[in-house]
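Please open the model in your viewer and keep the sequence panel beside it. The stops below suggest what to select next and say what is found there.

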Amino acid sequence: PRPMRLPLSPSLARLAALPLALCLLAACGGSGEDALQAGVTKLSAGDYAGAAVLLEQAAKSQTAGSPGFKQANLALAQARAHLDPKKAFSEFSELLGQHPELIQADDVARVANALSDVTSGILPAAELVEQYTKEFPDTAAAFAPIKKKIEARKNDVSDEDRKALESLGYL
């Protein structure tokens, strides 16, 4: 008798293969750089959950002086923005507070843009932009496209979030 095969959707098959891939990566002595590259590839493909796992591994394996530290943390924030916007905002704000010398306005704009792609991330995106421009007022012009995007999505948010956006001067 042949073994019975269960049909798996392609997305479920990729999800099922992720733990195996991580084990192989660890067993083969995979570096943080390997995890970073694999995570960035998954992020580019829209596999935010898979990217977050790999990018978290990459971020934890690096120190602030490591070449991949900034890239791993920025990519992790972008992946998390699609999964848990509040956590992404919190972690990125912490990174910004701990390493302001590493983070530039375009880095903040990338994370804010990723946050604003998700309805529950619109308010955190606005808060991130306001936090950064309050500290660095000369960068405000760099965030004009994101501010327009947030304002265009004002009807997508809850009444509570709309009031918070109003208090930040968005509506």
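Begin by selecting helix 5, the element that gives the most residues to the lining of the largest pocket, six of them, and bear in mind throughout that this is a predicted model. The pocket holds about 270 Å³ of space, and the elements that contribute two or more residues to its lining are helix 3, helix 4 and helix 5. Of the 15 residues that line the pocket, the ones to highlight are Ala-59, Asn-73, Leu-76, Glu-91 and Leu-95, which lie nearest its centre.

**Stepping back to the whole chain**

Before going further, colour the chain by secondary structure, and you should find nine helices and zero strands, so that a walk from the N terminus passes through the elements α-α-α-α-α-α-α-α-α. If you then colour by accessibility, buried residues make up 39% of the 171 residues in the chain. A surface display shows what the chain exposes, about 9700 Å², of which carbon and sulfur atoms supply 56%. Contacts can be viewed in a similar overall way: of those with a separation of 6 or more, 60% are accounted for by residues 24 or more positions apart.

**Arg-80 and its partners**

Return now to the helices of the pocket and select Arg-80 in helix 4, which spans residues 69-83, together with Glu-56 in helix 3, which spans residues 48-60. The side chains of Arg-80 and Glu-56 meet in a salt bridge, with 2.9 Å from N to O, and the pair links distant parts of the chain, 24 residues apart. Is Arg-80 buried or exposed? Arg-80 is buried, because its relative accessible area of 8% falls under the 20% limit. Its partner Glu-56, at 28% relative accessibility, counts as partly exposed.

Next add Glu-91 to the selection, a residue already met in the lining of the pocket. Its side chain meets that of Arg-80 in a salt bridge, here with 2.4 Å from N to O. Glu-91 lies in helix 5, residues 85-98, and Arg-80 in helix 4, so this pair ties together parts that are 11 residues apart in sequence. Glu-91 counts as partly exposed, with a relative accessibility of 31%.

**A salt bridge inside one helix**

The structure holds 10 salt bridges, and another of them can be found by moving to helix 9, residues 159-167, where Asp-159 and Arg-162 lie three residues apart, about one turn of the helix. Asp-159 forms a salt bridge with Arg-162, and the closest N and O atoms are 2.8 Å apart. Asp-159 is exposed, with a relative accessible area of 53%. With these pairs in view, also select Lys-60, since salt bridges that share partners join Glu-56, Lys-60, Arg-80 and Glu-91 into one network.

**Thr-133 in helix 7**

The next stop is Thr-133, which is found in helix 7, residues 122-135, and which counts as buried at 9% relative accessibility. Where do the polar atoms of its side chain lie with respect to the backbone oxygen of Val-129? One of them is 2.8 Å from that backbone oxygen of Val-129, and the backbone oxygen of Glu-130 lies 3.4 Å from a polar atom of the Thr-133 side chain. Leaving out residues up to four places away in sequence, Thr-133 touches Thr-139, Ala-140 and Phe-143.

**Two lysines to finish**

Select Lys-149, placed in helix 8, residues 144-152, and partly exposed with a relative accessible area of 24%. When residues up to four places away in sequence are not counted, Lys-149 touches Asn-113, Ser-116 and Asp-117. The C-alpha atoms of Lys-149 and Asp-117 are separated by 9.0 Å, although the two residues are 32 residues apart along the chain.

The last stop is Lys-154, which is found in the loop between helix 8 and helix 9 and is partly exposed, its relative accessible area being 36%. Which residues is Lys-154 in contact with, leaving aside its neighbours within four places in sequence? They are Arg-162 and Leu-171, and Arg-162 is the residue seen earlier in the salt bridge with Asp-159. Measuring across to Leu-123, 31 residues apart from Lys-154 along the chain, should give a C-alpha separation of 9.6 Å.

Technical notes. Residues numbered from 1 in each chain as written. Predicted model: local features only at pLDDT ≥ 70, side-chain atom pairs only at ≥ 80, totals over all residues. Heavy atoms only, no water. Salt bridge = Lys/Arg side-chain N within 4 Å of Asp/Glu carboxyl O. Helix = DSSP H or I, 4+ residues; strand = E, 2+ residues; numbered from the N terminus. Buried < 20%, exposed > 50% of the residue type's maximum accessible area, 1.4 Å probe, protein only. Polar contact = N/O pair within 3.5 Å; in protein donor to acceptor, adjacent residues only side chain to side chain. Contact = heavy atoms within 4.5 Å. Areas by Shrake-Rupley, 256 points an atom, 1.4 Å probe, with all protein chains shown as cover. 1 Å grid on protein atoms, 1.4 Å probe; cavity = no way out; pocket = protein on both sides within 12 Å on 5 of 7 lines; lining within 4 Å. Points joined across faces, edges and corners; volume = space filled by probe spheres on them.
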